[in-house]
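Welcome, and thanks for taking a look at this fold with us. Let us walk through its sheets and helices one at a time.

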Amino acid sequence: MTTHQNQVFRAAHGRDVAEDAGVYKTLLESTNAIPWKLDWPDLRFAYIGPQIESLLGWTQDSWKTVEDWATRMHPDDRERTVNFCVAQSQAGMDHEADYRALTRDGAYVWIRDVVHVTRNDAGEVTSLVGFMFDISERKQAEVELLRLHKELEALSLTDALTEIANRRLFDQRLDVEWNDSRRSGKPLSLLIVDIDWFKQYNDLYGHPAGDACLKQIAGVLQGAARRSRDVAARLGGDEFGLLLPDTDAATAQALARELEAAVTALQIPHGFDDAGEWVSISIGVDTQVAGDANDASGFVDHTNRMLYAAKRKPRAA
């Protein structure tokens with residue numbers, strides 16, 4: 001190849017390289033992803049795509065240093081995100097980070113930064129190259145999915161009729177509180193409540209009235225679960241449970257008497273001859289400190305026996 005031909009080739013090749021660079025730049029700036037490059041030694045932006053302005057409102061030339069990136073981040077996300085990205089970058093590891101970016105008008109947009117770490121021949125980090133993606137819609141979908149999951153979980157632990165805890169939640173909390181009693185040595189009390197002559201009530205007034213009665217009794221029990229760890233639950237049919245952590249026997253017995261009086265005060269008529277004028281309840285009460293010689297199921301069984309004993313006692317007319 002002659003000198004002239006070589007010069008022509010180099011010129012043509014230079015034009016091709018320039019044209020290719022222009023094509024790449026056009027492609028980068030026409031995508032929804034926002035390209036950027038950060039020089040690692042001085043932590044200054046060498047480039048950020050013009051799409052940043054349409055997404056966040058901050059002009060392209062306002063992104064000078066890594067401080068601009070950090071300060072335009074939700075305060076709750078800043079420390080976690082910055083520390084993670086710095087640690088990964090110092091280790092020379094590619095990484096991703098999700099965070100809320102501040103818009104110029106004071107709102108926030110969920111961003112995912114996908115980061116590639118470039119290094120020189122000596123293995124030293126020279127720059128970070130990445131893309132910012134707007135993932136707000138995805139995050140909103142995730143939040144909604146989480147809300148629905150929590151709602152479904154709550155429904156799975158709630159009695160559909162009375163809207164208090166169901167047997168599943170009661171069993172879960174009983175295990176937790178039994179183990180806590182074993183560790184702490186504090187008493188755990190349990191009240192098991194049964195509506196007197198409830199089958200006869202249903203036969204006389206019908207199931208809709210029976211459902212209404214169950215709801216009223218559940219409301220009384222829920223009102224007695226005054227502390228965050230107290231659990232009022234429908235155990236099945238017309239049987240309810242009230243779990244009372246850190247509660248001694250005298251307090252549990254006193255509460256049982258209060259519940260009996262509160263249900264009578266509802267004055268739900270009961271027309272069955274042996275039932276008395278108003279719907280009433282029977283309550284089994286037990287208090288134990290968990291230990292190696294007893295277990296939670298035995299605790300429930302013993303409280304049920306106390307309930308059966310209470311139901312056998314004669315009642316005033």
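## Terms and model

A contact here means heavy atoms within 4.5 Å. Axes are lines fitted to C-alpha atoms, for helices over the stretch in contact, and angles run from 0 to 180 degrees between N-to-C directions. Helices (H or I, at least four residues) and strands (E, at least two) are DSSP runs, numbered from the N terminus.

The model is a predicted one, in which local features need pLDDT of at least 70 and side-chain atom pairs count only at pLDDT 80 or more, while totals for chains, interfaces and linings use all residues. Residues are numbered from 1 along each chain as its sequence is written, and side-chain values use heavy atoms, with hydrogens and water left out.

## Overall picture

The protein has ten helices and nine strands. Of its 317 residues, 38% are buried, where buried means under 20% relative accessible area, exposed over 50%, and partly exposed in between (1.4 Å probe, protein chains only). Among contacts with a separation of 6 or more, 55% are between residues 24 or more positions apart.

## The five-stranded sheet

Let us begin with the sheet whose strand order is 2-1-5-4-3: it is open, has five strands and pairs in the antiparallel sense. Two strands count as paired if DSSP finds at least two bridges between them. Strand 2 (44-48) and strand 3 (95-102) each have a single partner strand, so they stand at the edges with one side left without a neighbour in the sheet. From one strand to the next, the twist averages 30°.

Inside this sheet, strand 4 (residues 108-119) and strand 5 (residues 125-134) run antiparallel and are joined by nine bridges. One of the bridge partners to look up is D134 in strand 5, which is matched with I111. Helix 5 (residues 136-156) packs on the sheet and touches strand 3, strand 4 and strand 5, its direction making about 120° with that of strand 4. Helix 4 (residues 75-90) also lies across strand 3, strand 4 and strand 5, and runs at about 150° to strand 3.

## The four-stranded sheet

The other sheet to visit is open too, with four strands in the order 7-8-6-9 and antiparallel pairing. Strand 7 and strand 9 are its edge strands, each pairing on one side only. On average, neighbouring strands are turned by 20° against each other, direction ignored.

Strand 6 deserves a closer look. Its pairing with strand 8 is antiparallel over seven bridges, and S189 has L244 of strand 8 as its bridge partner. With strand 9, strand 6 pairs antiparallel over eight bridges; including in that pairing are L191 with V285 and I192 with G284.

In a regular strand the side chains alternate between the two faces of the sheet. In strand 6, L188, L190, I192 and D194 point one way and S189, L191, V193 and I195 the other, and all are buried. That is eight of its eight residues.

## Helices around strand 6

Which residues of helix 7 are buried? They are F198, Y201 and N202. These fall within an arc of 100° seen down the axis, so they line one face of helix 7; the arc is that of the directions from the helix axis to the C-beta atoms. The buried residues of helix 7 pack against strand 6 and helix 8, whereas K199 and D203, on the other side, are exposed. Just after helix 7, G206 takes a positive phi of about 95°.

Helix 8 (residues 207-224) has 18 residues and should span 26 Å at 1.5 Å a residue, which agrees with the 26 Å between its end C-alpha atoms. That expected span is 1.5 Å times one less than the number of residues. In helix 8, G210, C213, L214, I217, A218, V220, L221 and A224 are buried. They cover an arc of only 155° around the axis, which puts them on the same side of helix 8. Their cover includes strand 6 (188-195), helix 7 (198-205), strand 7 (231-236), strand 8 (239-245), helix 9 (249-265) and strand 9 (281-288).

## Helix 10 and its partner

Helix 10 lies across strand 6, strand 8 and strand 9, at about 145° to strand 9. Helix 6 (residues 167-184) packs with helix 10 (residues 296-312) at an angle of about 115°, with the axes 10 Å apart. The contact is made by R167, L174, D175 and W178 of helix 6 and A296, F299 and V300 of helix 10.
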